[in-house]
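This report examines a single protein chain, residue by residue and helix by helix. The reader is invited to keep the sequence and the structure in view while following the text.

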Amino acid sequence: MTSVVELFPKSQKLSYDSRQQLSQVQNGVMHASELFLSLEELNNQQKFLELRKDANSICHMGQYYNCMVTAGVQQRQEQEELMWWR
């Protein structure tokens with residue numbers, strides 16, 4: 001699987017290439033359909049980068065809340081033990 005670190009420069013290159021292709025379309029050197037293919041690929045890569053970013057964010061939040069819940073359970077167990085000894 002391609003990492004985000006690898007995709008970011010690829011995405012930038014696709015963006016640059018698309019701008020160059022737009023110039024070629026404007027000058028009649030290239031057909032617009034080739035530009036549209038590049039734009040579609042660029043759009044797909046950007047969506048993938050956004051999804052990866054969202055997945056990482058959700059993972060971090062999940063880890064945080066897991067720690068919070070675990071700490072709460074541990075605290076309740078300690079409180080129950082203290083109440084039992086009284």
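In this predicted model, Gln20 has a relative accessibility of 38% and therefore counts as partly exposed. Gln20 is placed in helix H1. A distance links this residue to another part of the chain: Gln20 and Gln45 are 25 residues apart in sequence, and their C-alpha atoms are 18 Å apart in space. Gln45 itself is among the buried residues of H2.

The next residue to consider is Gln21, which also has its place in helix H1. Is Gln21 buried or exposed? Its relative accessible area is 18%, and the limit for a buried residue is under 20%, so Gln21 is buried. Which residues does Gln21 touch, when those up to four places away in sequence are not counted? The contacts of Gln21 are Met30, Glu34, Leu35 and Ser38.

Ser18 offers a second case of a buried residue in helix H1. The relative accessibility of Ser18 is 5%, and for this reason Ser18 counts as buried. With residues up to four places away in sequence left out, Ser18 touches Leu35, Ser38, Leu39 and Leu42. Leu35 and Ser38 appear in the contacts of Gln21 and also in those of Ser18. On the side of H2, the buried residues include Leu35, Ser38 and Leu42.

**Further residues and their surroundings**

Several other residues of the two helices are partly exposed. The table gives the relative accessible area of some of them, together with a C-alpha to C-alpha distance to a residue elsewhere in the chain.

| Residue and helix | Relative accessible area | Partner and separation in sequence | C-alpha distance |
|---|---|---|---|
| Glu6, H1 | Glu6: 46% | Met61, 55 residues | Glu6 to Met61: 25 Å |
| Tyr16, H1 | Tyr16: 48% | Leu42, 26 residues | Tyr16 to Leu42: 10 Å |
| Asn44, H2 | Asn44: 43% | Ser11, 33 residues | Asn44 to Ser11: 9.5 Å |

Each row should be read with both separations in mind. Asn44 and Ser11, for example, are 33 residues apart in sequence, while 9.5 Å separates their C-alpha atoms in space. For Glu6 and Met61, the separation along the chain is 55 residues and the distance between C-alpha atoms is 25 Å.

**The salt bridge in helix H1**

How many salt bridges does a search of the whole structure find? The search finds one. This salt bridge joins Lys13 to Asp17, and the closest N and O atoms are 2.8 Å apart. Side chains of opposite charge can pair when their charged atoms come close. Lys13 and Asp17 both belong to helix H1, which covers residues 4–26, and they are four residues apart, about one turn of the helix. An α-helix has 3.6 residues a turn, so residues three or four places apart point the same way. Asp17 has a relative accessibility of 24% and therefore counts as partly exposed.

**Helix H2 and its surface**

Helix H2 comprises residues 32–85. Does its length agree or disagree with the span expected at 1.5 Å a residue? The 54 residues of H2 should span 80 Å, and the end C-alpha atoms are 79 Å apart, which agrees. The buried residues of H2 are Leu35, Ser38, Leu42, Gln45, Leu49 and Gly72.

A nonpolar surface patch of about 570 Å² is made by Ile58, Met61, Tyr64, Tyr65 and Met68. One of these residues, Met68, lies in helix H2. With a relative accessible area of 45%, Met68 is partly exposed.

**The cysteines**

A search of the whole structure finds zero disulfides. Cys59 is accordingly in no disulfide, and the nearest cysteine sulfur, that of Cys67, is 11 Å away. Why is there no bond between Cys67 and Cys59? The sulfur of Cys67 is 11 Å from that of Cys59, its closest cysteine sulfur, and this is too far for a bond, because a disulfide needs the two sulfur atoms within 2.5 Å. As to accessibility, Cys59 counts as partly exposed at 41%, whereas Cys67 is exposed with a relative accessible area of 52%.

Note on methods:
Residues numbered from 1 in each chain as written. Predicted model: local features only at pLDDT ≥ 70, side-chain atom pairs only at ≥ 80, totals over all residues. Heavy atoms only, no water. Salt bridge = Lys/Arg side-chain N within 4 Å of Asp/Glu carboxyl O. Helix = DSSP H or I, 4+ residues; strand = E, 2+ residues; numbered from the N terminus. Buried < 20%, exposed > 50% of the residue type's maximum accessible area, 1.4 Å probe, protein only. Patch = residues over 30% accessible without salt bridge, like charges linked within 9 Å, V, L, I, M, F, W, Y side chains within 5 Å. Areas by Shrake-Rupley, 256 points an atom, 1.4 Å probe, with all protein chains shown as cover. Contact = heavy atoms within 4.5 Å. Expected span 1.5 Å × (residues − 1).
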